[in-house]
Structure formats: C-alpha cells, structure tokens
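Biologist: I should like to learn how to read strands, burial and pockets in a model. May we take the features in turn?

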Amino acid sequence: MTAAASTAPSTAGDLLVATDTSKVFGGLVAVSDIDFTIPTGSIVSLIGPNGAGKTTFFNMITGLYVPTTGKIRFDGRDITGKKPHEVVRVGIARTFQNIRLFGNMTAEENVLVGLHHRLKGRWFGAILRTPDVTREEAEAHAQAQELLELVGLRQRADTLARNLPYGDQRRLEIARALATAPKLLLLDEPTAGMNPEETRRLTDFVRDLRARLGLTVLLIEHDMKVVMGISDRVTVLDHGEKIAEGSPAEVRADTRVVEAYLGRGAAAG
C-alpha cells in the first residue's frame with residue numbers, strides 16, 4: 001500500500017496519531033505534511049535514506065522540536081509542542097542513534113537517573129533523611145536492579161557505563177528508558193554498530209519487551225533484515241515525505257521504495 005494510494009487511516013486503537021505534521025528549518029522542509037499512526041501494542045519501523053526526515057520526526061514526537069504545522073496526539077491527549085520532560089511524563093521514552101549514557105556513572109546509577117522523575121521526595125526530605133525518602137530510595141534501587149535483570153545486566157550493575165561492551169551499552173540505554181515506565185518506546189538505530197549476533201539478540205530482546213511489558217515500539221532502523229523481521233508495519237520517508245506504508249511484504253514490493261534506495265546506492269557507487 002503506497003502513501004499515494006492510501007486514504008486517511010483510521011485512528012481507532014492507535015496510541016499515537018500525527019496529522020499533517022511538518023517541520024521547516026528556514027527554507028528547508030525536513031518533514032512535509034505527514035499523517036502517521038502507531039497502533040497500540042505494535043512494532044512500527046520508520047525507514048528511508050539518510051536525510052529522509054526520520055530523526056526529525058522522532059524529535060517532534062519527543063519534544064526536541066516543535067512541529068511547524070500539524071498535531072501530535074498521544075494516548076488521547078495533544079502533546080504538540082510539549083517539552084521533552086513533559087513528553088516523558090505522559091509515557092514516551094527514547095534512545096538515541098549515538099549512545100547518550102553517563103559514562104562515569106555505573107550501570108545502576110544510569111538507570112536511577114531514568115527513575116528520578118517518578119520519585120516524590122523533596123530536597124528537604126533528602127537532607128533530613130526522612131523515613132519516606134529512605135523508603136523511596138530503597139524502592140528505586142530495587143527497581144533499578146530489576147530493570148538491569150530484565151536487560152541482562154544485573155551482574156554489571158556496579159560497572160561504569162563507559163567500560164561496558166557496545167551491545168551492553170545499548171541495553172543499558174534501553175533500561176534507562178524503561179525506567180520512566182513508558183507506554184511507547186522509540187529506538188533510534190538500535191542495532192547500529194552491532195555485529196550480526198548482537199543484532200539478533202537485540203531484535204529478540206525488543207520482541208520480548210513488547211510481549212512481557214505490553215510496550216508499543218517505534219524504531220528507526222537501516223538494517224532491512226531487522227525491519228522486515230520485527231515490524232508489524234513499516235512507514236517509508238524520502239525527502240521528508242511519506243512515500244509508502246504497509247506490512248513489511250507490501251513495502252518490500254513497493255516500486256517507490258525500491259527506487260528510493262537504489263537511487264541512494266547508485267549515487268554512492
């Protein structure tokens with residue numbers, strides 16, 4: 001199903017709905033009038049050549065950019081233009097293409113950073129070490145350990161993040177995102193830099209997260225084997241426009257998608 005042939009999608013059962021969403025930087029149109037939905041409980045991939053507008057679209061969802069036009073609704077509420085910390089509070093978390101861990105903090109401390117916004121204690125309670133604050137801190141450490149267990153890093157809880165292998169750093173970044181208790185998890189190039197075995201393990205891990213936690217997942221990914229193997233639906237951007245959308249099989253057979261990728265390959269060759 002191509003974008004040109006599709007009608008406006010039904011939004012029933014959708015966790016996120018973006019309508020006529022655009023982002024313009026000066027005279028550059030990075031994203032142009034995109035309609036986009038993420039069904040609750042699905043794994044959706046956003047693909048396209050470099051410069052297609054994928055990360056810009058991610059940044060609009062997560063509050064790093066304010067859309068120039070259009071609306072973004074999440075779980076029934078308008079989140080257009082909300083700040084990143086407000087977006088986190090409504091239930092959206094993300095990872096980044098370039099890993100952004102606190103390298104001189106331990107794995108557990110990185111996860112505790114993700115838990116911070118859910119804590120209710122105030123500064124004076126922390127100074128006085130009140131029972132409520134002490135209990136909440138103990139619960140946070142226990143939750144951090146559980147999340148590290150979930151991603152297979154409990155035995156590395158005291159390891160500095162910068163000393164973890166690359167694949168473990170990716171998992172730690174996901175654990176920190178999960179600490180915010182998201183409904184929607186955005187993964188930006190989660191398998192970038194991984195070898196085939198690391199890629200397979202991470203792909204299985206994302207499937208398991210969806211099954212165990214009931215998460216909805218949106219990912220940007222260049223590895224087409226990953227995209228076609230994990231996605232319920234794939235949306236394709238090129239030059240900021242949506243050129244195709246559908247099941248992995250439909251997108252794989254779409255001539256506009258083939259031409260977009262072959263064009264980039266020919267240009268690079």
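Biologist: In S9, which residue is the bridge partner of isoleucine 47?

Modeller: First, a word on conventions. This is a predicted model, in which local features need pLDDT of at least 70 and side-chain atom pairs count only at pLDDT 80 or more, while totals for chains, interfaces and linings use all residues. Residues are numbered from 1 along each chain as its sequence is written, and side-chain values use heavy atoms, with hydrogens and water left out. Strands (E, at least two residues) and helices (H or I, at least four) are DSSP runs, numbered from the N terminus. Two strands pair if DSSP finds at least two bridges between them. In S9, the partner of isoleucine 47 is valine 236.

Biologist: How many bridges join S3 to strand S9, and how many join S3 to strand S8?

Modeller: S3 (residues 43–47) is joined by 4 bridges to S9 (residues 233–238), and the two run parallel. Another 4 bridges join S3 to S8 (residues 216–220), again in parallel. Within the latter pairing, serine 45 stands opposite leucine 219.

Biologist: How should I read the two faces of such a strand, and are those of S3 covered or uncovered?

Modeller: In a regular strand, side chains alternate between the two faces of the sheet. Buried means under 20% relative accessible area, exposed over 50%, and partly exposed in between, with a 1.4 Å probe and protein chains only. In S3, 5 of 5 residues are buried: Ile43, Ser45 and Ile47 lie on one side, and Val44 and Leu46 on the other.

Biologist: Which residues of S8 lie on each side?

Modeller: Thr216, Leu218 and Ile220 are on one side of S8, Val217 and Leu219 on the other, and all are buried. Isoleucine 220 has a relative accessible area of 1%. Its C-alpha atom is separated by 8.9 Å from that of glutamine 97, although the two residues are 123 apart along the chain. Aspartate 188 stands opposite isoleucine 220, and 5 bridges join S7 (residues 184–188) to S8 in parallel. From S7 the chain crosses through helix H7 (residues 196–213) to S8, a right-handed β-α-β crossover; right-handed means that, with the strands pointing away from the viewer, the path from the first strand over the helix to the second runs clockwise.

Biologist: In what order do the strands of the open sheet follow one another?

Modeller: The order is S2-S1-S4-S5, 4 strands with antiparallel pairing. The edge strands, S2 (28–39) and S5 (77–78), each pair on one side only. S1 (residues 14–25) and S4 (residues 69–74) are joined by 5 bridges, and valine 17 stands opposite arginine 73 in S4.

Biologist: What volume has the largest pocket, and why does it lie between the two domains?

Modeller: Rolling a probe the size of a water molecule over the atoms shows where empty space is left. Here a pocket is an open set of points on a 1 Å grid over the protein atoms alone, where a 1.4 Å probe fits, with protein on both sides within 12 Å along at least five of seven lines; lining residues have an atom within 4 Å of a point. The largest pocket has a volume of about 480 Å³, and of its 20 lining residues the closest to its centre are Pro84, Val88, Arg94, Phe96 and Thr180. Domain 1 (2–91 + 182–268) and domain 2 (106–180) both give residues to this lining, so the pocket lies between them; the domain bounds come from an automatic or database assignment. The largest share of the lining, 5 residues, comes from H2.

Key
Grid points are joined across faces, edges and corners, and a volume is the space filled by probe spheres set on the points.
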